[in-house]
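Dear colleague,

I am passing on the structure we spoke about, so that you can have it open while you read. My notes on what was found in it follow below.

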Amino acid sequence: MIVLKEAIGKDIHEKYELGGELGRGEFGVTHLCNDKETRETFACKSISKKKLRAAVDIEDVRREVEIMRHLPQHPNFVTLQD
């Protein structure tokens with residue numbers, strides 16, 4: 001199943017150290033994480049492909065990613081890091 005047309009395909013554990021769970025949603029879990037190189041702290045949202053059961057679910061994820069890609073940098077906005 002292809003969810004993102006431009007998927008990076010990296011192993012998240014190579015770049016980030018995952019910490020405690022911050023929350024759960026319909027499709028996945030959000031964890032606290034740190035960039036291993038810069039030590040910057042982020043929230044890491046992992047999405048389970050198993051929970052994407054219908055085409056509309058995949059479109060919801062794609063739309064969320066596209067929105068985050070186009071948001072301006074602002075301290076009160078969530079932005080897509082990687």
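Buried residues account for 20% of the 82 residues in the protein, and please keep in mind throughout that this is a predicted model. The accessible surface comes to about 6500 Å², of which 52% belongs to carbon and sulfur atoms. If one takes the contacts between residues at least 6 apart in sequence, 28% of them join residues at least 24 apart.

As for the fold, the protein has 2 helices and 3 strands, and along the sequence these follow the pattern α-β-β-β-α. The strands make an open sheet in the order S1-S2-S3, with antiparallel pairing. S1 and S3 stand at the edges and have a single partner strand each, so one side of each is left without a neighbour in the sheet. On average, and with direction ignored, neighbouring strands of this sheet are turned by 35° against each other.

Taking the strand pairs in turn, strand S1 (residues 16-24) is joined to strand S2 (residues 28-35) by 6 bridges, and the two form a hairpin with 3 residues between them. Within this pair, Arg24 has Val29 in S2 as its bridge partner, while Glu21 has His31 in S2 as its bridge partner. S2 is in turn joined by 7 bridges to strand S3 (residues 41-47), the two running antiparallel, and here Thr30 stands opposite Lys45 in S3. S2 and S3 also form a hairpin, in this case with 5 residues between them.

The loop between S2 and S3 holds Arg39, which you may wish to look at in the viewer. Most residues other than glycine have a negative phi. Arg39, although it is not a glycine, has a positive phi of about 70°. With a relative accessible area of 46%, Arg39 is partly exposed, because that value falls between the 20% and 50% limits used for buried and exposed residues.

Turning to charged side chains, a search of the whole structure finds 5 salt bridges, of which I describe some here. Side chains of opposite charge can pair when their charged atoms come close. One of the salt bridges is formed by Lys45 and Glu64, whose closest N and O atoms are 2.7 Å apart. This pair links distant parts of the chain, with Lys45 in strand S3 and Glu64 in helix H2, 19 residues apart. Lys45 counts as partly exposed at 46% relative accessibility, and Glu64 counts as partly exposed at 31%.

Glu21 forms a salt bridge with Arg24, and the closest N and O atoms are 3.0 Å apart. Arg24 is exposed, with a relative accessible area of 62%, whereas Glu21 counts as partly exposed at 43%. A further salt bridge joins Glu59 to Arg62, with the closest N and O atoms 2.8 Å apart; both residues lie in helix H2, 3 residues apart, which is about one turn of the helix. Glu59 is partly exposed, with a relative accessible area of 37%.

Finally, which residues make the nonpolar surface patch of about 250 Å²? The patch is made by Ile67, Leu71 and Phe77. Leu71 lies in the segment after helix H2 (55-70), and this residue is partly exposed, with a relative accessible area of 32%.

With best regards

Definitions and conventions
Residues numbered from 1 in each chain as written. Predicted model: local features only at pLDDT ≥ 70, side-chain atom pairs only at ≥ 80, totals over all residues. Heavy atoms only, no water. Pairing = 2+ DSSP bridges. Helix = DSSP H or I, 4+ residues; strand = E, 2+ residues; numbered from the N terminus. Patch = residues over 30% accessible without salt bridge, like charges linked within 9 Å, V, L, I, M, F, W, Y side chains within 5 Å. Areas by Shrake-Rupley, 256 points an atom, 1.4 Å probe, with all protein chains shown as cover. Salt bridge = Lys/Arg side-chain N within 4 Å of Asp/Glu carboxyl O. Buried < 20%, exposed > 50% of the residue type's maximum accessible area, 1.4 Å probe, protein only. Contact = heavy atoms within 4.5 Å. Axes fitted to C-alpha atoms, helices over the stretch in contact; angles between N-to-C directions.
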